[in-house]
Structures are given as C-alpha cells and as structure tokens.
Amino acid sequence: MSDIASSSFVRKDLLTERPAPVKTTGFVGLMRTRLFNSPTNILLTIVGVLLLWFTIIPSVRFLMVDAVWSGKDRAACLTENAGFAVGACWPYIQAKLPQLIYGFYPEAERWRVDLTFILAAALLVPLLVPRLPAKGLNAGLFFFAFPVVAFFLLHGGGIKGFGLSWTAGVLELFDDSIIGAGQAVLGVSKTSAVPPVLWVVGNFIVLVGVAISWLILPLTWLRDQIQGAGQPVWGDFAVTTVIVSLIAFGLGGGWRTGWRALASSIATFIAIALVIKLMGLDRGGLPVVTTNLWGGLLVTLVVSVTGIVTSLPIGIALALGRRSTIPLIRIFSIAFIEFWRGVPLITVLFFATYMLPLFLPGNFTVDGLVRALIGIALFTGAYQAENVRGGLAAIPRGQGEAAAALGLSWWKTTSLIVLPQALRHVIPNLVNSFISLFKDTSLVSIVALFDLLGSLRASFSDPKWSTPSTAFTGFAFAGIIYFIFCFGMSRYSLFVEHRLNAHRRN
Amino acid sequence: MSTEARNPPPQIALKIRRILGGKTGWNGVAVQFAFAAILGWIGYEIVSNARANLENQHIAAGFGFLSNNAGFDVNQTLISYTGSDTFLRVFVVGLLNTLVVSVVGIVFATLIGFIVALCRLSPNWLLSRVGEIYVEIIRNLPVLFQILFWYLAVLAALPNPRQSISLLGIAFISNRGLVIPSPIGGSGLEPFLAMLALGVVASLALRFHARRALFREGRMIRIWPTVLGLLVGLPLATMLVFGVPFTFELPQLKGFNFAGGSRIIPEFVALTLALSTYTAAFIAEIVRAGILSVHKGQMEAGASLGLSRGATLRLVVVPQAMRVIVPPLTNQYLNLTKNSSLAVAIGYPDLVSVFAGTSLSQTGQAIEIIAMTMGIYLLISLLTSAIMSVYGWRLSRSLGA
C-alpha cells in the first residue's frame, strides 16, 4: 500500500479551468459551423445573401412598400399620379375579387356559393383531423351526400322523379340500344356474305332486348302510374324507400340480423327527404345558374373536388382489375391505365371537349364543365390506380390467405382486409396526386372554362385597370391562393406520413 | 397389390381453365364474356353515334384531309413550310416544334435541377435554405400559371426592340423575343465538321480500348490528353489549313426591329423558361434523394481503400446514386415533354397548338386529329418506358440480383 502511494504522483492542487468549447448551438453557433467555417463557405454565404437580396427585397417592395392600396380605377396606379414607382395595384384585385372567386355567378345568388364553401369546410376539417370520431359517417357525408347537395345548391333546379323513375329510365334506354343494335345486325345480314349467321345473331340480340323489356315492365308500369299521380316526387320517393329498405333488410340477414340495416336505410331516406324538402327540390328548387356563368375559384374548387371524389373509386377499380388473374380484365385495365398516363392532360381535355360529344347520341348534349370533369376523372383515375396498386403490392400475401382461411369471399377479403390497409399505406401518395390534380385544374382555362387562372387572364384585358403592374399584381394574388392550397395539402401529407410511420421512428 | 405410384391425373383441362379464366376458373370465363359483351355494346354505341353525328355535320371520316392545303401560317418552323402545304406537313412542323422545346427544356431543367440539388445538399445553411425555398415555391404553383406569368407579365414588361436589353452586345432581349447571332457557314465548314466527327469517334474508340485494357489486363491507360488533342486540336488544326468554318452574323437594330441574327420568338422563351424552372424543382428533389440514398459508409469505405474524395464520388457514390436517380429522372423528362403541350395557352406553335388547335377548327376532323395527337404522345411515352425497362433489366443483371 505504502509503496504504491509513495511511487505514484497525486496532484495536490486544482487544475486551471479550460476555456469553454466553441459554441455550436444558437445563432452564433450556426454562423460559426454552417455559414463562416471555411473560405468556400464564406463565399457561398455571400452568394446566398446576394440571391436573397435581389429577390426578397424587390418582392417585398413591390407587394407592400410601393403598393397602392386604394383607388377607383387605373389612374390611382399610374406612376405619374401616385408620384412614385408604383408596385402592386391592390385596388384592381379589390375590384376584380368577385370575378376571381365567383366568375359571372349572379350577384343575388352568391350566398349559395358561400354556403357550399362553408359546408365543404365543415365536412372536410373533421375528416382531416385524425383525433375526431365518426370517420365513416363523415367520409360518407363528404363523398356521397355533399356532392349531390352541392350540385343542387350551385346549379339549382329540382327533380321530377326519384330512384324508381331514374332506374326505369336508364334501363329503358339500355334496352332500346340493345334492340337497336340487333336490328342493325339484321339490316347488315341482308347484304352480307354470311347472312344466316348474322341473321341468327341479330335475332338473338333482339330477343334478349325484348326479354329485358318484359322483365322491366313492372318497373316502367309503376313509373307511369307514379308520374300520372299528383305528387310524383314523393310517391316515387316512398316506393323507392320501401323497395331499397326491404332489399337492405333482406341482404342484412332478414328477421334475425337485418334490423340494423333497415334502420340505417330508413334513417338515410329520412335525411334525403329532409334535404329535398328543405331545398324545395320537389317544387323546382333554387333558380338555375348554368355552368357557363360559373368561374374563378369556384370552378377551380368544383373541378378539383369532383376530380378527387370520382378519381379514387375509378383508381381502386382499375388497380384491382390490374391485379386480377382474369386475363381480359387485366389486359383492359393495363391498357386503360397506360393510355391515360401516356398522354398529356390537355389532349385529354381536347378529347373530352371535341370528341366526346361525337360519341354520344345526337339528342344528348353534355355541359362543357361536365365534359371537362369526365376527362379529368378518367385521367386522374389512371394515376390513382397506380398509387393504389403500390399500396396493394405492399400488403403481405398472408393477409389475404388468412382471410381466405377464415372463409371470407374475394369481395369481403378485398373490402375488409386488403383495401383498408393498402389505402392507409398510400395516403401520402394519394394526397400528392390530389396536389397535382389541383394544379392541373388550371388547364381547363384552355378549353374555355373560366377557372381562377382563366378569370385572372380575362381580367387583364379590362382597359379600366390596365397599368404596367396589373399583370404582376394579378399573378401575385393568384399565386398566393394556389400556394396556400398546395402547400397546405403537402404539409398535411407530410403530417400523415409522419403519423403512419410513428412505429418506425427511433 | 401394385406399389407403383399412380400417374398424376391429366392436367390439360385444368391448365386451359387457368389460362382462360384465371384463378376463378369457369366463373372467370363467364365474367369475361359479360365484360366483353359490355365493351362490345359500348363500342357499338360509340361507333353508331359517331357515324350518325358525323353524317349530320357533313364531315367525311378518314385521313384524306391530311393531303389538303392547310392555308394558315406558322410563326416558327424548323422545316420549310408555307400556307399552301398540307395538313400532314403541319403535323410534322408541330411535332418538331414540340420536340425542340422539349429538348432545350430538358437540357436547362437538368442543369438548374442539379445546381439546386447541390445547393440543397450544401453544408452552407443559407444556401440550402435558398434551394428549399426555390423548390417549395415552384412546386406548389401550377405550371400553366408559371408559363402565363413569364409570357404575360415578365416578357410583356420588357421594352420594345429599340430599347432592348443588350447582353454583351451580341444578343438582345425585348418584348419581341430574343435575338441571337446566327452562324453562317464558311469555306472550311465541311472539313471542320468531318474532323470533329472523326475526333469524337476516335475518342470513343480510345475509351473503349482503355476500359478493355483495365478490365482484362488491369492496365491503366491515361487517355485524357489524347482525347483533348483529338477533340480540340484536330478541328483547330483543320481550321488553320482550310480557313474559318463559320462566322457569326450579329443582329443590328434597323428601324423598329432587328435585322440579321436569328430571332427566337417570345413564346419559345417563355415556355422554355417556365418548363425548365418548373421541372428543375422536381429534378432537384430527385437528385437530392438519390445522393442521400447512398449510405454514408460507402464514402468511408472508399476512403479506407485509399481512394481520393473525388475518386470515391466518381467511382462509388455517383454510380449508386444514378441507379436511384435515372428512372424518376426519365419520368420527369417525359412530364416535361407532355407539359410542353401547354404551349397552346400562349400560342407557341407546338403539336397541340397547330394540329389539335388550328387544324381541328379548320377541318372539324376531331376524331382523327385528336387520335393522331394522343397517339404520338403515347408512342413517345411507351418508347421511353420500353427503354427504361431495358435499362432496369440490365441494371439488375449487372448488380447480380
């Protein structure tokens, strides 16, 4: 013990304190480590400062410092009147704001647009906050009820019948087309080289058509009775309610377990009746505002929301079709997806505007906005199909096999086991597609629809407001609106991605 | 009591069932018949309606209109074109215009995209923030918005040709477009071009030889001085012998406009600017993701083998990053080509603008014209994806996967 103590050196006094390490946190630390730590970095920092100096300062000057904030016409925004180099001309935006938001929607009816916006926000916000309950009901309201209500709110007009009349009408049209096709084949058979074969085929098709017309006879008879009565809408509504509720009851399991389905069906129909009564749809509804009067942000939002709502079912159907083992369905899905993904959206819009009317019966005119919507739905549907397919591929085989082992059918396996997981996987991708859809809605301005960008462009030609800074002001305003929507969506997608990957964080 | 194994039952019926109906067997066949019937019905409706509608509008179906005179002018043509040429020539003119704006846009988009990606990856805090702001702003604005912004706001705000902005006195930019010097072939043009081609071919052959020597015998051959001599020295030497290959004709302001030089129309400038800056934001993200996808350990492993930092980047990091970068990059190139169809909004004479726009409104042959336009875009994208799948196949083979 003692020899160790004697041979070793034991310090008796304290060491002087070393200086504190170089600070690497906070603003000073940031400057030291990330901005000025080497000659190259100093040079890069100077380049960055110069870049910001020549972009941020002029922008701020244009938007705020040199801007004109009030005035009645272009005179207020001219340099010689204002006395300084004029930046943004905000009174121009003020004057054009109704046009940029509503287009030519009649002034007295604009409350309908506002109401639709409020409804959409009220339904969408709870859907986006993960913590809030009743997602299923909320999604049902937003994706099914809201589009219908919004249509009658924005477009106006009423209904003359209900489910039964519509079903009967569609079936009748379908049947007429089949009989027409059969007769066309019969007509060809008279001049063709193989008359007997064509004659047989034609007669067979006509026979099928006649059989269908006999099958749907009760439906059409009931329709005619209802239309002849005093209250066609309510009569039809009552019959439809009874039929659909009974079917739901039967499918739900009859006397044993069908009560729940029956109750929800009746509740749905009561809600529909309330909406019909409230909006007076049976008595002509609100005054009609044709879509050529719509414009501005209204059209942008209508096109993008419709695109979002319709493209997802199309995408899911195509993705399932592409993974199907049935050859014809798989080939069709692949061809369909690759076709729409291979062409630019603008040619799709041209297709919908110029080619689609030729494919429809001559007496059947489709509204310009609806045509664009069809084109966008097909186009986006193909992109969504690829997103959904990615999600489907990420689900392990074992999930489907386990479901099959439990005795679930293909439909139940897909809708209860595979799709919910797959869709949750690809929410960020779906939202990214929605962002590009939102940006792409600006293309409808090329096919003579006045969305936000189209209205903006139209407002440039107003001589009352033509100043050197008008175009820049307009683009700044529209740019801010587009940026808020797209940036908001992309942040939301990041938030969801973060939440979904919570278990993978370390 | 025989102990032989029984023959397996004949599987032909099963196989046929599988081919015809997939996993679901005969049910699948039935579904296919129903599906085919529906498709056939829709097809019948489309054809019969289209025929009836065309008859009502007195339009003759078919591609005969392609040989008719177009009768309108196009303000940018790469091949000679006058108003008395046919619609087929209009189609080719529009296609070439689409391709030229796409190629120029792709070059600039790649350049800007790589620069922005390097900015975002830079250790310098300020520069990476600047790159991030650029990407966020550009990605969140519609491309049509950007095209119109450049065309209606920026280019329209430029002064007229008399007060045009001079770039070093050789190029002038004004609201009538960009005027640049145009090259005029001199006496020595042909030998110059021939020698240049020879130099390129010889350098490629040399590189092939050097790689072969490296892989077969492990011999390093330094080829860059020779390549430099072939690519620069040889044409220079020809120039001394045969004279100057071409001279530049400088644009001169005469009256209210420029004479001489070649004018690039403002639509082209706006479209190229918008498309390349827009696509660059996406390319920057792709490149950044690709470089970040290479593990840090790869760099350290390269260093521990004694490779220099540049050699590690060139031989280890970049090849692995390229594997991640190339497929989405091609996709962006394809997107740029497709987005160039937005030219129709500002009147740049691309395929959609002159063919699906002007020609369609003149002839009314909607079905043929839109089918041709969609077909050519589809062809381009299918070709690209075919090339990409070959690339992916080669890549997976070379990685030994």
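Here's a short tour of where chain B and chain A touch, with a stop at the domains of chain A at the end. Keep in mind that this is a predicted model.

**Stop 1: the whole contact.** Select chains A and B and colour them separately. The contact draws on 62 residues from chain B and 62 residues from chain A. Together the two chains bury about 5,300 Å², and carbon and sulfur atoms give 76% of that area. Now pick out Asn140(B), Phe145(B) and Met374(B): they supply 12% of the area that chain B buries against chain A, more than any other three residues.

**Stop 2: a charged pair.** Show Glu136(B) and Arg491(A) as sticks. They form a salt bridge, with the closest N and O atoms 3.3 Å apart. The count of salt bridges between chain B and chain A is 1. If you hunt for polar contacts between these chains, there are 18 residue pairs, both residues at pLDDT 80 or more.

**Stop 3: the helices on chain B's side.** Which elements give two or more residues to the side of chain B that touches chain A? Select α1 (12-21), α2 (26-56), α4 (125-139), α5 (143-155), α8 (266-293), α11 (351-363) and α12 (366-398) of chain B. Linger on α2(B), which gives the most, with 14 residues. Colour this side of chain B by residue type and you'll get 41 nonpolar, 16 polar and 5 charged residues.

**Stop 4: chain A's domains.** Give each one a colour: domain 1 (13-63), domain 2 (94-158 + 292-504) and domain 3 (163-283). Then find the centres of domain 1 and domain 3 of chain A, which lie 73 Å apart, taken over C-alpha atoms.

Methods
Residues are numbered from 1 along each chain as its sequence is written. Chains are lettered from A and ligands numbered from 1 in the order in which they are written. This is a predicted model: local features need pLDDT of at least 70, side-chain atom pairs count only at pLDDT 80 or more; totals for chains, interfaces and linings use all residues. Side-chain values use heavy atoms; hydrogens and water are left out. Contact means heavy atoms within 4.5 Å. Buried area is the accessible area (1.4 Å probe) that two parts lose on being put together, summed over both. A salt bridge is a side-chain nitrogen of Lys or Arg within 4 Å of a carboxyl oxygen of Asp or Glu. A polar contact is a pair of N or O atoms within 3.5 Å; within protein, one must be able to donate a hydrogen and the other to accept it, and residues adjacent in sequence count only if both atoms are side-chain atoms. Helices (H or I, at least four residues) and strands (E, at least two) are DSSP runs, numbered from the N terminus. Ala, Val, Leu, Ile, Met, Phe, Trp, Tyr, Cys and Pro count as nonpolar, Asp, Glu, Lys and Arg as charged, and the others, Gly among them, as polar. Domain bounds come from an automatic or database domain assignment.
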